[in-house]
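Please read the points below alongside the coordinates. They are offered as a colleague's notes.

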Amino acid sequence: MQTKKFTKFFLQSGASLIEVLVATTVVALVLTSIAASMTMSLKTSSESKYRSFANFYSQEAMEFFKRERVKMGWADFQATLLSFSPNICLMDLPADLLDIASFSSSCEGKDEEFVNNEFTRTVSIRSEAADKIVLTVTVNWYDGNDQKELSLDGVFKEY
């Protein structure tokens, strides 16, 4: 009789132990998936923030060139742009287009001069026709060990 009670108690305790192990496993899986989704969310948020800044810097440079085109007129704007190197490292925006002549053609080795300490901005100039210039503003930044890039094209024509 005593053995039956012990066996019944042991089986009930074993079932409880299995239930506790299953419940603990389920809770661990849920917490792990929540932690993974939070980590992914933070990474995506950070990447979105940097992409937004890069977009701002590329738009800022494009607006500078639009302003200079209106201010100078097409002929002077075109002649000035075509007198420059086809690639310009544009860390800071100059006061006017003529000041760009002193800028370097490459952002290589200018790590200490990043725009906002994290981004490089390069402008590529292409003349596709007598009355058409295409400017490509490329903003680069590092996200961890990966280099990211955002490019924006602007077509300037005589009107």
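The points that follow go from the overall layout to the strands, the salt bridges and the surface.

1. Overall layout. The model is a predicted one, and its secondary structure consists of two helices and four strands. Read from the N terminus, the order of these elements is α-α-β-β-β-β. Of the contacts between residues at least 6 apart in sequence, 52% join residues at least 24 apart.

2. Burial and surface. The protein has 159 residues, of which buried residues make up 29%. Its exposed surface comes to about 10,500 Å², and 58% of that is supplied by carbon and sulfur atoms.

3. Strand pairing. Strand β1, residues 87–89, pairs with strand β2, residues 119–129, in the antiparallel sense over three bridges, and within this pairing N87 stands opposite S124 of β2. On β2 there is also an antiparallel pairing with β3, made through ten bridges, in which T120 has N140 of β3 as its bridge partner. The connection between β2 and β3 is a hairpin with two residues between the strands.

4. The surroundings of T136. This residue belongs to strand β3, which covers residues 132–143. Is T136 buried or exposed? Its relative accessible area is 10%, under the 20% limit, and T136 therefore counts as buried. The side chain of T136 makes a polar contact of 3.4 Å with the side chain of R126. Beyond its neighbours within four places in sequence, T136 is in contact with T122, V123, S124 and R126, and also with S151, L152 and D153.

5. A salt bridge between helix and strand. The count of salt bridges comes to six, and one of them joins E60 to R121, with the closest N and O atoms 2.9 Å apart. Because E60 lies in helix α1 and R121 in strand β2, this pair ties together parts that are 61 residues apart in sequence. The two partners are covered to unlike degrees: E60 is partly exposed at 29% relative accessibility, whereas R121 is buried, with a relative accessible area of 2%.

6. A salt bridge within helix α1. The side chains of E63 and K66 meet in a salt bridge with an N to O distance of 3.6 Å. Why are E63 and K66 separated by about one helical turn? They are three residues apart in helix α1, which accounts for that separation. Both count as partly exposed, E63 at 42% relative accessibility and K66 at 41%.

7. A network of salt bridges. R67, E68 and K71 are linked in such a network, and within it E68 bridges to R67 with the closest N and O atoms 3.0 Å apart. E68 is buried, at 1% relative accessibility, while R67 is partly exposed at 42%.

8. A nonpolar surface patch. What makes up the nonpolar surface patch of about 750 Å²? The residues are I18, V22, V26, V27, V30, L31, I34 and M38. One of them, V26, is placed in helix α1, which spans residues 2–72. At 47% relative accessibility V26 is partly exposed, and that value is over the 30% required of patch residues, so V26 can be part of a patch.

Key:
Residues numbered from 1 in each chain as written. Predicted model: local features only at pLDDT ≥ 70, side-chain atom pairs only at ≥ 80, totals over all residues. Heavy atoms only, no water. Buried < 20%, exposed > 50% of the residue type's maximum accessible area, 1.4 Å probe, protein only. Polar contact = N/O pair within 3.5 Å; in protein donor to acceptor, adjacent residues only side chain to side chain. Contact = heavy atoms within 4.5 Å. Areas by Shrake-Rupley, 256 points an atom, 1.4 Å probe, with all protein chains shown as cover. Patch = residues over 30% accessible without salt bridge, like charges linked within 9 Å, V, L, I, M, F, W, Y side chains within 5 Å. Salt bridge = Lys/Arg side-chain N within 4 Å of Asp/Glu carboxyl O. Pairing = 2+ DSSP bridges.
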